[in-house]
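I opened this entry to keep a record of what I looked up in the structure and in what order. The notes go from the whole chain to helix packing, and then to single residues and backbone geometry.

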Amino acid sequence: MQTLFRGEKDVGYSQFYLGTGIEPVEGWTMDDCFAGQRNGLCGAAERGQLVLITGLHTGNVPVTVELHETAPPVPDAPDVVEVSFPITRGPVGLFSGFVDDHADLGLPPGFYRVRYSADGMDAARAMDCRIDDASALDDYLLQFWPAPAEPDRVVRTGSEIARHRHDNAAGLPSPTRTPSQRADDRARDPEHARQRAIELDLRRTGQRAPGPLGSIGFAYTLALVDDDLADHLTTLPPDRQRGLALRTAHRTIAGTGLDRVAWIGDVLPRLGQAPLPPVFLDESTALAALAATPKVPCTVVTSPDERRAPTLAQAMALPALAAVTHPDATVALLETVHHALAAAGEEGYRDVLADLRSASADPA
């Protein structure tokens, strides 16, 4: 067992967060985070973060975070819940609602079960705010261990706050839109698109006139590491682009060991020739299926872009299958390459580039 954090975290409105990735998750509501769950204390329905409910409304609460090799014994705490949580990209930190107020846990990407245990919630709610040198009345424990995904569950309920929160979660309507679909909605927003275009310009050397790269969100990944190759790929005929996308997707899936996962390997011979099963078409749905697969390979690599974040190669690779099927061949290729580079990481992205240069230079 490793203790990843032991200390106090500032809470506001009876909540703090565990977040993954470089940037905070955007566009969520509290209902989004708890919809479809049985428990109302640890919200895991919005990919990339946990919303953690406390008894105290405002102030500092003691928090401990542990990493275990297998499921540990259930703590002797009045309120205990469990959720499944895929971590696809690091770093992983505890947040109190402010991006610059976090503790990096050093938790590697992977598929985890998380147990959230709470003690003293009702007493802390009666206190409301902890100020000056007042003693803490509630404390919280987060325990992580590797495990396939399964539904959340309420292990034990002892406080009135927890009962109320669980009832509230159970009464929420099932989510009608996945996190990926909500992200797509944000991507279609004109202001969001304008900011992405600005980001692309800033990430590349110099300014560029509008063109294919400026209109494809994932193009920046290749542009960052090989601007000339990115330009070259956009000039190829659509059939060549489609062929390169297929080649890259097969290479990526095999390189991460996902071809040995039955439900993924079964679609590879027909990729690009027959419609993909629905499970592959939404990234959140595909990731949930991957997380629920026992003994799935888990390989942590380092992002090849300037952010150098740890990532789970298999989670980065899987969306390449859907990317191949995009109706626009240029988009299909550049999005597939984006996933291939992310899955290869700093350790292997140069091999991906070398293969693309060689294959795209060969006569059709």
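**Entry 1: the whole chain**

I began with the surface of the protein chain, which exposes about 16,800 Å², and I noted that carbon and sulfur atoms supply 53% of that area. I am working with a predicted model, and I keep that in mind for every value below. Counting secondary structure next, I found 13 helices and 13 strands in the protein chain. Of its 364 residues, 49% count as buried. I then looked at contacts between residues at least 6 apart in sequence, and 75% of these join residues at least 24 apart.

**Entry 2: helix 8 against helix 13**

I turned to helix packing and took the pair formed by helix 8, residues 238–255, and helix 13, residues 329–361. Their axes lie 7 Å apart and the packing angle is about 40 degrees, which makes helix 8 oblique to helix 13. I checked the hand of the crossing as well, and helix 8 passes helix 13 in a left-handed sense. Sorting the residues of this contact by class, I got 13 nonpolar, seven polar and six charged.

**Entry 3: helix 7 against helix 13**

How do the axes of helix 7 and helix 13 cross? For helix 7, residues 227–234, I found that the axes come within 9 Å and cross at roughly 150 degrees. An angle over 145 degrees counts as roughly antiparallel, and helix 7 and helix 13 are therefore roughly antiparallel to each other. The crossing of helix 7 and helix 13 is right-handed. I listed the residues that meet: L229, H232, L233 and T234 on the helix 7 side, and T330, L333, L334, L353, L356, R357 and S360 on the helix 13 side. By class, this contact of helix 7 with helix 13 divides into six nonpolar residues, four polar and one charged.

**Entry 4: two leucines from that contact**

I followed L233 of helix 7 and asked whether L233 counts as buried or exposed. At 1% relative accessibility, L233 is below the 20% cut-off, and therefore L233 counts as buried. Setting aside residues up to four places away in sequence, I found that L233 touches L222, Q241, L244, L333, L334 and S360. I also took one distance along this stretch: L233 and A361 are 128 residues apart in sequence, and their C-alpha atoms are 10.0 Å apart in space.

On the other side I looked up L353, which is found in helix 13. L353 is buried, with a relative accessible area of 3%. Beyond its neighbours within four places in sequence, L353 is in contact with L222, V225, D226, L229 and L341. The C-alpha atoms of L353 and V337 are 9.0 Å apart, for a separation of 16 residues in sequence. I note that L222 appears in the contact list of L233 and also in that of L353.

**Entry 5: G19 and the cis peptide**

Which residues is G19 in contact with, once its neighbours within four places in sequence are left aside? I found G48, Q49, P91, V92, G93 and F95. G19 is found in strand 2 and is buried, with a relative accessible area of 12%. The C-alpha atoms of G19 and F95 are separated by 7.0 Å, although the two residues are 76 apart along the chain.

P91 from that list led me to the backbone, where I found that a cis peptide bond joins G90 and P91, with omega about -5 degrees. P91 has its place in the loop between strand 6 (79–87) and strand 7 (92–95).

**Entry 6: positive phi outside glycine**

I closed with backbone angles, bearing in mind that most residues other than glycine have a negative phi, and that most peptide bonds are trans. Phi of Y13 is positive, near 55 degrees, and Y13 sits in the loop between strand 1 (2–12) and strand 2 (15–20). Y13 is exposed, with a relative accessible area of 64%. Phi of K295 is likewise positive, near 55 degrees, and K295 has its place in the loop between helix 10 (283–291) and strand 12 (300–302). K295 is exposed, with a relative accessible area of 86%.

How values were computed
Residues are numbered from 1 along each chain as its sequence is written. This is a predicted model: local features need pLDDT of at least 70, side-chain atom pairs count only at pLDDT 80 or more; totals for chains, interfaces and linings use all residues. Side-chain values use heavy atoms; hydrogens and water are left out. Helices (H or I, at least four residues) and strands (E, at least two) are DSSP runs, numbered from the N terminus. Buried means under 20% relative accessible area, exposed over 50%, partly exposed in between (1.4 Å probe, protein chains only). Contact means heavy atoms within 4.5 Å. Accessible areas come from the Shrake-Rupley method with a 1.4 Å probe; for residues, only the protein chains shown count as cover. Axes are lines fitted to C-alpha atoms, for helices over the stretch in contact, and angles run from 0 to 180 degrees between N-to-C directions. Angles under 35 degrees count as roughly parallel, over 145 as roughly antiparallel, 65 to 115 as roughly perpendicular and the rest as oblique. A crossing is left-handed if the near helix is turned anticlockwise from the far one by less than a right angle, and right-handed if clockwise. Ala, Val, Leu, Ile, Met, Phe, Trp, Tyr, Cys and Pro count as nonpolar, Asp, Glu, Lys and Arg as charged, and the others, Gly among them, as polar.
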